[in-house]
Amino acid sequence: MKKHLSILGATGSIGTQTIDILSSIDAEVVALTTNRNIKLLEQQARALHPKLCVAFDETAARDLKIALADTDITVMSGMDGLVAAATHPDCDTVVTAVVGMVGLLPTLAAVDAGKDIALANKETLVCAGGLVMEAARKKGVHILPVDSEHSAIFQCVQACQGNPLDKIILTASGGPFFGKTAEELRTVTREQALKHPNWSMGAKITTDSATMMNKGLELIEAMWLYDLPQEKIEIVVHRESIIHSLIEFADGAVLAQLGVPDMRLPIQYALTYPARVPCKVPRLSLAEVGKMTFYPPDDKAFPAMNLARQAASRKGNAGAVLNGANEAAVGLFLSDKLPFWRIPELVAQTMERIPFVNDPTLDDILTSDREAREAVLSLVGAE
Ligand SMILES: NC(=O)C1=CN([C@@H]2O[C@H](COP(=O)(O)OP(=O)(O)OC[C@H]3O[C@@H](n4cnc5c(N)ncnc54)[C@H](OP(=O)(O)O)[C@@H]3O)[C@@H](O)[C@H]2O)C=CC1
Ligand SMILES: CC(=O)[C@@H](O)[C@H](O)COP(=O)(O)O
Ligand SMILES: [Mn+2]
C-alpha cells in the first residue's frame with residue numbers, strides 16, 4: 001500500500017537513509033524537517049516535492065522560505081512546524097528521525113492524529129513510553145520500530161504465532177572503547193568516541209554507543225515496545241553487529257535476525273511491513289563474516305547500562321530524568337566542555353537529585369526533562 005510520509009529529521013543519518021530507500025518502495029513525501037541544514041533540505045524538497053518543509057531553527061526557516069520562494073511549498077519553523085509536519089492531513093506515516101527528546105511532542109501529536117509511526121527517535125519512548133504506548137493503543141496506530149535491535153525483535157516476533165516472549169537479548173557492539181578499563185576511559189577524546197566500529201550515525205547516538213548508554217536507552221525502548229520488565233532483557237556484547245538482536249520463548253528456543261550493519265533494511269521494513277520487497281542493502285555472507293564473538297557487558301567501565309536499568313525499574317519520570325541528564329551531558333561532551341568519563345557520573349548524580357513522580361503527566365515529563373538538564377548544568381557550573 002502506498003505510504004504518504006512525513007520525515008522528521010530528514011537531513012540526518014536516518015532521514016537521509018530513509019530518502020535513499022524511497023526508490024525501493026511505494027511512497028510519496030508530504031513533509032520534510034531539519035533543524036538548520038537548509039541547504040540539504042532545499043535539495044531534498046526540490047527532488048521530492050513535499051507540501052511542507054520545516055526548519056526548527058527560526059533563522060534557518062526564514063532563509064529556507066526565501067530559497068523555496070519559487071515553489072508552492074509551505075515553510076514553517078519551531079515546534080509548531082514539527083507538529084504540523086507530524087499531523088499533516090495528507091500524511092499517513094511519520095518517520096521520527098529527529099535526535100533527542102524534541103521528538104516527543106510531534107510523535108504524540110502524530111499518534112493523536114491517527115498516524116502510524118516509524119520510530120527511530122528512541123528518546124521519545126525513554127522519556128514517555130507509558131504515555132506514547134497508551135495513546136497508540138487507544139488510537140489503534142502502529143509504532144513500527146526502526147532502531148536495528150527493535151526491528152530485529154519485531155521481525156522475530158512475526159514468527160511467535162501468539163506465544164509470549166520469555167526474554168529479549170539485545171546485542172551491543174561494545175562501541176569504540178570495548179575492553180577499556182574505567183581508568184583508561186578517563187583520557188579518551190571526542191574524536192575517538194565518534195569512531196563507531198560498525199555504524200555510521202549522528203554524533204549524539206555515536207557518543208551514546210561509546211558510553212553504552214545507547215544500550216541502556218534501548219533496554220527502556222524494548223521494555224515499552226514489547227511490554228517486558230527490564231529483568232527479562234539481557235544485553236550481550238556482539239562485536240560484529242551482524243546479529244541485530246534475539247528473542248527467547250518459554251521452551252528456551254532462541255530466534256535471531258541477522259544482516260550486514262546497514263540501517264536501510266530496518267527503515268525499509270518499518271515502511272513496507274508486513275510485506276518484504278527487494279532492498280539496496282548488500283546481502284550477508286556468513287563465510288565473509290567468518291566468526292562472530294560474544295561477551296558479557298562490562299558494567300564497571302560502562303555504568304550507564306545499570307543507570308538505565310534503575311530508571312527502567314522505577315518507571316514514572318525516571319526515564320525522562322535519565323534521558324534529559326544524558327542529553328545535557330553528551331551536549332557538553334560534544335562541545336568539548338566535559339570529559340567523556342563524566343557523562344554517566346553526571347547522569348547518576350542527576351537521578352539522585354530530581355524528585356520521583358510515579359504516574360507522570362506530559363507536563364511532569366517535560367518538567368523532569370528541564371530539571372534534569374538544569375541539574376547537569378548546575379553540577380558542572382558548581383565546580
Ligand atoms: N543513525 C542511526 O543509525 C540510528 C539512529 N537512531 C535514532 O534515530 C534518531 C536520529 O539519529 P541520527 O539520524 O543518527 O541523528 P542525526 O544527528 O544524524 O540527525 C538528526 C536530525 O534531527 C534534526 N534535529 C536535530 N536537533 C533538532 C531539533 N532541536 N529540532 C528539530 N530537529 C532537530 C537534525 O537537523 P540538522 O541536520 O539541521 O542537524 C537532523 O535532521 C536518534 O534518536 C537516534 O537515537 C536509532 C538507531 C540507529
Ligand atoms: C544502528 C543502531 O541501531 C544503533 O543503535 C546501534 O545499535 C549502535 O550500536 P551499539 O550497539 O554500539 O550501541
Ligand atoms: Mn540500535
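The exercises below work through the domains, sheets and ligand shells of a predicted model.

**Exercise 1. Describe how the chain divides into domains and how the domains meet.**

Solution.
Step 1. The domain assignment gives domain 1 as residues 3–145 and domain 2 as residues 151–375.
Step 2. Between the C-alpha centres of domain 1 and domain 2 the distance is 23 Å.
Step 3. The contact involves 29 residues of domain 1 and 35 residues of domain 2. On the domain 1 side, α1, α6 and β7 each supply at least two residues, and the largest share, 10 residues, comes from α6.
Step 4. Sorted by class, that side of domain 1 holds 16 nonpolar, nine polar and four charged residues.

**Exercise 2. Set the UniProt domain annotations beside the secondary structure of their spans.**

Solution.
Step 1. An unreviewed UniProt entry lists residues 5–129 as "domain: 1-deoxy-D-xylulose 5-phosphate reductoisomerase N-terminal". In the model, residues 5–129 are 45% helix and 22% strand, and the end C-alpha atoms lie 23 Å apart.
Step 2. UniProt, again in an unreviewed entry, gives residues 258–374 as "domain: DXP reductoisomerase C-terminal". Residues 258–374 are 56% helix and 3% strand, with end C-alpha atoms 41 Å apart.

**Exercise 3. Work out the strand order of the seven-stranded sheet and explain what happens at its edges.**

Solution.
Step 1. The sheet is open and its pairing parallel, in the order β4-β3-β2-β1-β5-β6-β7.
Step 2. β4 (74–77) and β7 (143–145) are the edge strands; each has a single partner strand, so one side of each is left without a neighbour in the sheet.
Step 3. From one strand to the next, the twist averages 20°.
Step 4. At the β4 edge, strand β3 (residues 52–55) runs parallel to β4 and is joined to it by four bridges. Ala55 stands opposite Ser77 in β4.

**Exercise 4. Do the same for the five-stranded sheet and place the helices that pack on it.**

Solution.
Step 1. This open sheet has the order β11-β10-β8-β9-β12 and mixed pairing.
Step 2. β11 (254–258) and β12 (294–295) each have a single partner strand, so one side of each edge strand lacks a neighbour in the sheet.
Step 3. Strands β8 (residues 167–172) and β10 (residues 243–248) run antiparallel and share three bridges; Ile169 stands opposite Leu246 in β10.
Step 4. Helix α7 packs on the sheet, touching β8, β10 and β11, and its direction makes about 45° with that of β10. Helix α10 lies across β8 and β9 (233–238), at about 150° to β8.

**Exercise 5. Characterise the shells around ligand 1 and ligand 2.**

Solution.
Step 1. Ligand 1 has 27 residues around it, of which Gly9, Gly12, Asn35, Met201 and Gly202 come nearest.
Step 2. Each of domain 1 and domain 2 contributes at least three residues to the shell around ligand 1. Helices α1 (13–21), α6 (122–139) and α9 (203–211) each supply at least two, and the largest share, three residues, is from α1.
Step 3. The shell around ligand 1 has 12 nonpolar, 10 polar and five charged residues.
Step 4. For ligand 2, the surrounding residues include Asp147, Ser148, Glu149, Trp199, Lys215 and Met263. Helices α7 (148–157) and α10 (213–226) each supply at least two residues of this shell.
Step 5. The shell around ligand 2 divides into three nonpolar, five polar and three charged residues.

Terms used
Residues are numbered from 1 along each chain as its sequence is written. Chains are lettered from A and ligands numbered from 1 in the order in which they are written. This is a predicted model: local features need pLDDT of at least 70, side-chain atom pairs count only at pLDDT 80 or more; totals for chains, interfaces and linings use all residues. A residue is near a molecule or strand if its C-beta atom, placed from the backbone, lies within 6 Å of it. Ala, Val, Leu, Ile, Met, Phe, Trp, Tyr, Cys and Pro count as nonpolar, Asp, Glu, Lys and Arg as charged, and the others, Gly among them, as polar. Domain bounds come from an automatic or database domain assignment. Two strands pair if DSSP finds at least two bridges between them. Axes are lines fitted to C-alpha atoms, for helices over the stretch in contact, and angles run from 0 to 180 degrees between N-to-C directions. UniProt positions are given in the numbering used here, feature names are shortened, and annotations may be inferred rather than shown by experiment. Two residues are in contact if their C-beta atoms, placed from the backbone, lie within 7 Å.
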